[in-house]
Amino acid sequence: FLTLVNRSFHYTIFQTIRYKNVLIPLIIGITIIFIFCFVYLPFFRNLFSLVYITPNYLLVFMWVALVSTGWMEILKILRMKKVENL
């Protein structure tokens with residue numbers, strides 16, 4: 001979520017997602033693969049002293065990540081409306 005939010009400080013995700021950038025899917029894919037490996041593969045989990053995360057906790061973590069970055073999208077929308085009203 002942070003990668004998508006941070007693409008622009010002025011335009012929302014819904015606007016920037018239309019921009020062609022071949023690296024965005026690659027970066028997000030690599031990140032998801034790393035997270036999967038670190039959390040669900042015993043070798044990596046033991047290497048970094050991590051514990052197994054249940055799917056329910058993973059959903060909670062994703063929700064927290066969305067809320068933690070989503071406020072920035074709300075701020076962008078409010079800024080755009082303010083500029084339009086000027």
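**Exercise 1. Determine which elements the buried residues of α5 pack against, and which residues these are.**

The buried residues of α5 pack against α1 (2-5) and α2 (13-16), where contact means heavy atoms within 4.5 Å. The helices are DSSP runs (H or I, at least four residues), numbered from the N terminus. In this predicted model, local features need pLDDT of at least 70 and side-chain atom pairs count only at pLDDT 80 or more, while totals for chains, interfaces and linings use all residues. Residues are numbered from 1 along each chain as its sequence is written, and side-chain values use heavy atoms, with hydrogens and water left out. The buried residues of α5 are Thr-69, Met-72, Glu-73 and Lys-76, buried being under 20% relative accessible area, exposed over 50%, and partly exposed in between (1.4 Å probe, protein chains only).

**Exercise 2. Compare the expected span of α5 with the distance between its end C-alpha atoms, and locate its bend.**

The expected span is 1.5 Å times one less than the number of residues, so that the 31 residues of α5 should span 45 Å, and the end C-alpha atoms, 44 Å apart, agree with this. The helix nevertheless bends by about 30° at Thr-69, the bend being the angle between axes fitted to the seven residues ending there and the seven starting there.

**Exercise 3. Describe the surroundings of Glu-73.**

Begin with its place, which is in helix α5 (residues 55-85). Glu-73 counts as buried because its relative accessibility is 9%. Leaving out residues up to four places away in sequence, Glu-73 touches Val-5, Thr-12 and Ile-13. Its side chain also makes a polar contact with the side chain of Lys-76 at 2.9 Å; such a contact is a pair of N or O atoms within 3.5 Å, and within protein one must be able to donate a hydrogen and the other to accept it, with residues adjacent in sequence counting only if both atoms are side-chain atoms.

**Exercise 4. Identify the residues of the largest nonpolar core, and the contacts of Met-72.**

The largest nonpolar core has five residues, namely Leu-4, Val-5, Ile-13, Ile-24 and Met-72; a core of this kind is a set of buried Ala, Val, Leu, Ile, Met, Phe, Trp, Tyr and Cys residues joined through side-chain atoms within 4.5 Å. Apart from its neighbours within four places in sequence, Met-72 is in contact with Val-5 and Phe-9.

**Exercise 5. State where Ser-49 lies, and whether it is buried or exposed.**

Ser-49 is placed in the loop between α4 (42-47) and α5, and it is exposed because its relative accessible area is 65%. Although Ser-49 is not a glycine, it has a positive phi of about 55°.

Methods
Helices (H or I, at least four residues) and strands (E, at least two) are DSSP runs, numbered from the N terminus.
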